[in-house]
Structures are given as C-alpha cells and as structure tokens.
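Subject: Structure handover

Hello,

Here is the structure I said I would pass on. Please open it next to this message, since the notes below go residue by residue.

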Amino acid sequence: MVNVKALLSLSVLLMANLSLCELPIPMLQRSVRSAPDECSIADPSDFKFSITSNRNKTGHWTAQVSLEFKNGHQGYELAPGLGYYKFHTTPKVWDDAKKICEQEGGHLAIINSEAESKVLQNLFSKVAKIEGAGHNDFAFIGIHDNLVEGEFVTVFGTPVASTGFTRWTNAAQPDNAGGHENCGSVHRDGSLNDITCSWKLTFFCEMEL
C-alpha cells in the first residue's frame, strides 16, 4: 500500500522549505520575515496539492505527488526587488489601458526610481516598431493631471513629486502642448512626458511584489 501519510508529510516539508528565488511567478512571491532579503519562501496556500496512485502489473502500488503553482497573471515579468511588469503592445487610449491593467489585477505602471525606469526601457526596447500607435516612442503609464492642470498625480492620487522619480523628457515638460496633454507617458529613454489621453499608445502594467 502507498504510505499516504508519509507522502503528505514529505510534501508539507517540501512546501515549507521551497525557495522561490528561481520562480518569477506573481502569485507565488511572498514576504516572510525569516527569509533572506533576496529570497522569499513559499506560502502553502499558493499550491494545489494532489496525489495519484496506481497499482502496477506486479501488484505494487506507486504514487505521483503533484504540486501545481497557482498563477493567474500570465505575461508579467519579474524585476527582483521592484515588481512585475507587462508591456502591452496593442495600442489603447489611456482610460482603456488603465482598465486593462486593473482587470489583470495590477495598475498602470508608476515609476519610483531610475532602476524601475530601466526595467521599462528594457521592455520597450524589445519592440522596435509599434503598429497602429499614435507615437512609436511613448507608452502610457499611471500618471495624469486630469484633476488639476499641471499637478500630476498617480492613479492612486499620489503627487508624482513624491514618487521618487521626476525625470521628465526635457526641462519644458510637462508642457500641455495644444492644451490637451493630460495623461502621462514614458519615453523609450525612460523619461516622463505628458501626452494626449485619446491617443492610442502601448502601455505598461505593474503588479506589486
């Protein structure tokens, strides 16, 4: 007979000690006080556990233990210590881009540091030509000044000035060119720029660690 109790004990032990350093899956990364800064430990609730047993021709029982990772957020890439990011290359207007990110369980990306800016630059650089986009070198991110002209805030209402990253494309930005640039974008060089919300652009979604 298969020693189910022993298998269960072994599986619990594996889950309790499984290192996720090499598993860049959004739903698996958890912060545990006892874990090293650079590595998180698995939360058992993030696994689907099952045992399948069969009796072979010789009359012996064999069992297969399965641990499946629950990952409902495909297409996001892990940037260790920063978050998970997805570059959508089908152009959308800003409002639609925001909704798509939220439907995926994230939000339009908010840049908080040069390191985070580099992450978006790297993702952007993988796609040289954007078909159907209002501009090839800008992508929507999670900032806007739709509430008060000139006062850019994040999708959470936090002033951009307090995010830790305020490198605009040039000294004249944000300039509200034409009187209707109320949404935020990131340039291929990682800098910020205000842009027309009704343009169809690529966009970055983000999920927190």
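What follows is a short account of the chain as a whole, then of one helix and a few residues.

Please bear in mind that this is a predicted model.

Overall

The chain contains 3 helices and 10 strands. Read from the N terminus, the order of elements is α-β-β-β-β-α-β-α-β-β-β-β-β. Of its 209 residues, 39% are buried. Among contacts with a separation of 6 or more, 64% are between residues 24 or more positions apart. The chain exposes about 11,600 Å², and carbon and sulfur atoms supply 53% of that area.

Helix H3

H3 covers residues 114–125. Its 12 residues should span 16 Å at 1.5 Å a residue, and the end C-alpha atoms are 16 Å apart, so the expected and modelled spans agree. The buried residues of the helix are Glu116, Ser117, Val119, Leu120, Gln121, Leu123 and Phe124. Their cover includes the strands E3 (77–79), E4 (83–92), E6, E8 and E10.

Two buried glutamates

Glu116, in H3, is buried but has no salt bridge. The nearest side chain of opposite charge is that of Arg167, 12 Å away. What does the side chain of Glu116 reach at 2.8 Å? It is the backbone nitrogen of Asn112. The side chain of Glu116 also makes a polar contact of 2.5 Å with the side chain of Tyr85. Beyond four places in sequence, Glu116 touches Leu82, Tyr85, Ile110, Ile111 and Glu206.

Glu206 is the other glutamate to look at, and it sits in strand E10 (residues 201–207). Glu206 is likewise buried without a salt bridge; here the nearest side chain of opposite charge is Lys98, at 14 Å. A polar atom of the Glu206 side chain lies 2.9 Å from the backbone nitrogen of Ile110. With neighbours within four places left aside, the contacts of Glu206 are Tyr76, Tyr84, Tyr85, Gly106, His107, Ala109, Ile110 and Glu116. The two glutamates are therefore in contact with each other, since contact is counted for heavy atoms within 4.5 Å. Tyr85 appears in the contact lists of both Glu116 and Glu206, and so does Ile110.

Ser185

Is Ser185, in strand E8 (residues 183–187), buried or exposed? Ser185 is buried, because its relative accessible area is 0% and the cut-off for burial is under 20%. The C-alpha atom of Ser185 is 5.1 Å from that of Ile141, although the two residues are 44 apart along the chain. Its contacts outside four places in sequence are with Phe138, Ala139, Phe140 and Ile141, and with Ser191, Leu192, Asn193 and Ile195.

Asn146

Asn146 belongs to the loop that runs between strand E6 (138–144) and strand E7 (153–154). With a relative accessible area of 42%, Asn146 counts as partly exposed, because that class lies between the 20% and 50% cut-offs. Which residues does Asn146 touch, leaving out those up to four places away in sequence? They are Trp94, Asn182, Cys183 and Cys197. For Cys183, which is 37 residues from Asn146 along the chain, the C-alpha separation is 7.3 Å.

If you look at one site to begin with, I would suggest the pair Glu116 and Glu206, which touch each other and are each buried with no salt bridge.

Regards

Conventions
Residues numbered from 1 in each chain as written. Predicted model: local features only at pLDDT ≥ 70, side-chain atom pairs only at ≥ 80, totals over all residues. Heavy atoms only, no water. Helix = DSSP H or I, 4+ residues; strand = E, 2+ residues; numbered from the N terminus. Buried < 20%, exposed > 50% of the residue type's maximum accessible area, 1.4 Å probe, protein only. Lys, Arg positive; Asp, Glu negative; His and termini not counted. Salt bridge = Lys/Arg side-chain N within 4 Å of Asp/Glu carboxyl O. Polar contact = N/O pair within 3.5 Å; in protein donor to acceptor, adjacent residues only side chain to side chain. Areas by Shrake-Rupley, 256 points an atom, 1.4 Å probe, with all protein chains shown as cover. Expected span 1.5 Å × (residues − 1).
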